[in-house]
Amino acid sequence: MTASTASTGEGHHRQNGQTPLVDPLAARRAPGDPPWDVYLTGTVFLDIIFTGLDSAPVRGTESWARGMGSSPGGVANMATALARLGLRTSLAAAFGDDHYGEYCWDALEQGEGIDLAASRTVPGWHSPVTVSMAYEGERTMVSHGHEPPPQAMLVHSGAPDRPPHSRAAVASLTPGRRDPWIARAAARGTRVFADVGWDDTGAWDLAGLADLEHCEAFLPNAEEAMRYTRADCPRAAARALTAYVPLAVVTLGAEGAYAVDGRTGETAEVPAIAVEALDPTGAGDVFVAGFVTGTLADWPLADRLAFAGLTAALSVQEFGGSLSAPGWAEIAAWWRRVQSVEGQAPEALHRYAFLEALLPRDDTPPWPLRRAVPTIGFGRSA
């Protein structure tokens with residue numbers, strides 16, 4: 001295996017190759033802090049996204065898309081979302097030694113400023129690939145990949161044995177399996193935020209999520225929360241989850257999100273922002289990234305939920321996973337736009353008023369913003 005040059009926390013917190021417009025943790029940074037704000041690990045895919053399809057592909061026919069983009073996907077969606085919000089992000093992942101792996105490595109390290117010192121390039125292993133076709137606000141995905149070799153599995157399980165010291169970590173829990181790095185990180189004082197995927201076993205047994213005992217927050221969607229707790233509504237499910245984890249956050253889809261802090265008894269519920277969804281890919285990752293950002297910045301619970309919901313809403317208005325993750329430029333442009341709309345509901349303006357103290361007042365790009373779509377084949381990043 002090969003690795004990138006080891007790095008410290010200094011100089012690796014850029015947004016799209018530039019210094020972020022906002023450092024949400026600036027007021028809380030001090031000498032002796034961990035070098036990284038967030039650590040995470042998992043599988044990086046190459047995502048190829050076809051856009052501008054009028055309908056789902058039909059068997060036996062050829063469909064032409066009006067647009068196409070490519071970007072790192074999988075765990076890279078979450079890593080990119082965190083980095084674009086100004087958090088110093090460290091990722092441990094295995095990369096194939098093909099052109100796809102090289103492209104994903106460069107896009108994350110050079111383009112997003114994500115630390116890859118804990119990542120590895122695995123000789124002879126080609127990168128997993130997902131093709132996503134977006135239409136009518138939904139998407140259809142086809143993925144391909146070979147079984148990871150042992151050295152790749154070590155990275156995906158949280159190698160190195162001692163994860164980089166960080167304020168927080170994001171973990172994706174797997175029923176019936178422990179990831180040793182989670183306990184090690186929590187023992188060092190890292191605040192662990194966990195999500196979970198669909199339980200293919202059908203057991204939906206919280207005891208099977210053994211690493212939940214090391215987590216500060218658990219962020220399932222409503223269906224997952226109700227199945228795990230046997231509750232008949234997502235709010236009751238969130239309250240039941242606080243018996244297992246201090247902070248439970250349940251996403252409610254078009255209804256927004258609900259959270260319960262079991263340590264204080266505080267609850268918060270924030271409605272979703274109504275938007276025209278083009279592609280929901282990665283929206284859950286962006287929501288988690290927004291919530292982690294607000295938590296590390298010590299915002300009130302309702303503000304954290306509102307910010308997470310806002311970032312997720314901005315992401316579904318663009319195509320792709322990591323491609324669509326918003327940064328502070330998008331957030332600032334949205335806020336200025338909301339303030340300029342006549343007849344805007346006062347409660348909406350009040351809900352996001354906390355953004356005013358965070359956002360830059362000058363050089364805010366016009367709304368809506370357009371992003372460049374990266375394409376493979378034009379050479380390595382500078």
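Two strands count as paired if DSSP finds at least two bridges between them. Keep that in mind while you work through this predicted model.

**Exercise 1. Find the bridge partner of T130, then place its strand in the sheet.**

Step 1. Look at strand β8, residues 129–135, which is joined to β9 by seven bridges. That clears the cut-off of at least two. The two strands run antiparallel.

Step 2. Now go to T130: its bridge partner in β9 is S143.

Step 3. Zoom out to the open sheet, where four strands line up as β4-β3-β8-β9 with mixed pairing. β4 (67–74) and β9 (138–144) each have a single partner strand, so one side of each has no neighbour in the sheet. From one strand to the next, the twist averages 20°.

**Exercise 2. Decide whether T80 is buried or exposed, and describe its surroundings.**

Step 1. Locate T80 in helix α1, residues 75–84. This helix lies across β3 (44–51) and β4, at about 90° to β4.

Step 2. Check the relative accessible area of T80, which is 1%. Buried means under 20%, so T80 is buried.

Step 3. See who's around. Leaving aside neighbours within four places in sequence, T80 touches L108, E112, I114, S322 and A325. A polar atom of the T80 side chain also sits 2.8 Å from the backbone oxygen of A76.

Step 4. Check the rest of the helix: 10 of the 10 residues of α1 are buried, so the helix is largely enclosed by the rest of the structure. Among them are N77 and R84.

Step 5. Finish just past the helix: α1 is followed by G86, with a positive phi near 95°.

Note on methods:
Residues are numbered from 1 along each chain as its sequence is written. This is a predicted model: local features need pLDDT of at least 70, side-chain atom pairs count only at pLDDT 80 or more; totals for chains, interfaces and linings use all residues. Side-chain values use heavy atoms; hydrogens and water are left out. Buried means under 20% relative accessible area, exposed over 50%, partly exposed in between (1.4 Å probe, protein chains only). A polar contact is a pair of N or O atoms within 3.5 Å; within protein, one must be able to donate a hydrogen and the other to accept it, and residues adjacent in sequence count only if both atoms are side-chain atoms. Contact means heavy atoms within 4.5 Å. Axes are lines fitted to C-alpha atoms, for helices over the stretch in contact, and angles run from 0 to 180 degrees between N-to-C directions.
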